[in-house]
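Dear colleague,

Please find below the structure that I am handing over to you. My notes on it follow directly after the sequence and the model.

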Amino acid sequence: MTPDFSFIRDDEPLILICNDDGIDAPGIVALAEAVQGLGQLVVAAPIDQQSAVGHAISIRGPLRARTWAFQGEVDAALAITGTPADCMKLTVSSLLPRKPDLVVSGINQGPNTAVNVIYSGTVAAAVEASILGVDAIAFSHCHWTNTDYSASKQVARRLVEQVLANGLPTGVSLNVNIPALPIDDLKGIHVTRQARSRWEESFDARVDPFGRPYFWLSGEFVDLDQGDDTDLAAVEQGYVSVTPIQHDLTAHAFMDALKRWSL
């Protein structure tokens with residue numbers, strides 16, 4: 001049973017909350033707490049863990065959405081059997097009576113800097129919202145085990161207030177990475193670019209109890225960028241990184257050179 005959205009009004013901002021760690025993850029509860037009082041709050045998030053699914057969407061099976069006993073204080077919550085991008089497509093296009101004024105995604109457990117932007121379901125939710133014409137911000141807490149979101153919550157609220165007040169350009173969303181530090185130890189906020197990086201991956205070959213081979217992915221992150229204006233550099237130096245991103249993947253700087261090829 002999907003919720004009754006008749007409570008939604010036009011005279012107050014409508015904020016849609018998503019993530020990729022699943023609807024019961026502590027980070028999404030923290031994000032809901034961070035934006036309390038800034039508008040009407042609706043959660044639409046994956047029912048289970050969807051980390052590193054990127055911008056995948058479901059086209060070979062149904063999506064199901066049901067009301068959820070969300071652990072934070074919101075106006076309505078939906079758990080959806082799909083990816084973060086699915087959550088945005090379904091909720092924005094078909095379930096809500098009007099478009100949200102803002103989508104916030106996260107707070108992700110772990111950084112989404114450099115090439116990880118491509119793999120992140122948290123970032124994909126924000127990008128999909130942008131494709132659908134909605135301003136969006138993705139938030140990540142840059143530590144895999146530290147779950148003290150108090151500083152991340154304060155940063156998130158500040159940036160949400162700024163986007164609600166100023167808006168974003170068409171097709172642009174924000175990718176925010178917050179060092180896992182006390183709020184007084186954060187050095188400030190830097191506007192950054194996405195660093196160049198890659199994963200040097202390996203696959204551990206194993207055998208299951210039935211004698212069938214399988215492979216387990218592991219790898220080492222490699223920073224290919226020594227710039228001091230990157231998301232990686234900002235976080236390493238104790239700054240919050242705010243990177244404007246877009247879904248236009250065209251390499252515009254190479255277009256003129258490519259036209260000179262003998263194609």
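The notes below begin with the basis of the model and then go through the sheet, the helices, some single residues and the salt bridges.

This is a predicted model, in which local features need pLDDT of at least 70 and side-chain atom pairs count only at pLDDT 80 or more, while totals for chains, interfaces and linings use all residues. Residues are numbered from 1 along each chain as its sequence is written, and side-chain values use heavy atoms, with hydrogens and water left out.

The sheet

Helices (H or I, at least four residues) and strands (E, at least two) are DSSP runs, numbered from the N terminus. Two strands are said to pair if DSSP finds at least two bridges between them. Nine strands form an open sheet with mixed pairing, in the order β3-β4-β2-β1-β5-β6-β7-β11-β8. The edges are held by β3 (65-67) and β8 (189-191); each has a single partner strand, so one side of each is left without a neighbour in the sheet. On average, neighbouring strands of this sheet are turned by 25° against each other, direction ignored. Axes here are lines fitted to C-alpha atoms, for helices over the stretch in contact, and angles run from 0 to 180 degrees between N-to-C directions.

At the β3 edge, three bridges join this strand to β4 (residues 76-80), and the two run antiparallel. R66 has A79 as its bridge partner in β4.

Further along the sheet, β5 and β6 pair in the parallel sense over five bridges, with S140 in β6 as the bridge partner of N108. On the next pairing, β6 and β7 are also parallel, over six bridges, and I137 is matched with L174 in β7.

How is β6 placed with respect to the rest of the structure? Seven of its seven residues are buried (under 20% relative accessible area, with exposed meaning over 50% and partly exposed in between; 1.4 Å probe, protein chains only). The strand β6 is therefore largely enclosed by the rest of the structure. In a regular strand the side chains alternate between the two faces of the sheet. In β6, A136, A138, S140 and C142 lie on one side and I137, F139 and H141 on the other, and all are buried.

The helices

Helix α5 (residues 150-166) lies across β1, β5 (102-109), β6 (136-142), β7 (172-179), β8 and β11 (240-246), and runs at about 165° to β6.

Helix α4 (residues 121-131) has 10 of its 11 residues buried, so this helix is largely enclosed by the rest of the structure. Among the buried residues are G121, T122, V123 and E128. S120 caps the N-terminal end of α4, with a side-chain oxygen 3.1 Å from the backbone nitrogen of T122. Just after α4, G133 takes a positive phi of about 90°.

Single residues

D20 lies in the loop between β1 (14-18) and α1 (26-34). D20 is buried yet has no salt bridge (a side-chain nitrogen of Lys or Arg within 4 Å of a carboxyl oxygen of Asp or Glu). The nearest side chain of opposite charge, K89, is 17 Å away; Lys and Arg count as positive and Asp and Glu as negative, with His and the chain ends not counted. The side chain of D20 does make a polar contact of 3.0 Å with the side chain of T122. A polar contact is a pair of N or O atoms within 3.5 Å; within protein, one must be able to donate a hydrogen and the other to accept it, and residues adjacent in sequence count only if both atoms are side-chain atoms.

W199 lies in strand β9 (residues 197-207) and is partly exposed, at 32% relative accessibility. The side chains of W199 and N116 are joined by a polar contact of 2.9 Å. The C-alpha atoms of W199 and F221 are separated by 4.6 Å, although these residues are 22 residues apart along the chain.

The salt bridges

The structure holds 13 salt bridges. One of them joins D10 and R98, whose closest N and O atoms are 3.1 Å apart. This pair links distant parts of the chain, 88 residues apart: D10 in the segment before β1 and R98 in the loop between α2 and β5. D10 is exposed, at 69% relative accessibility, whereas R98 is buried, at 18%. R193, R196, D225 and D229 are linked in a network of salt bridges.

With kind regards

How values were computed:
Contact means heavy atoms within 4.5 Å.
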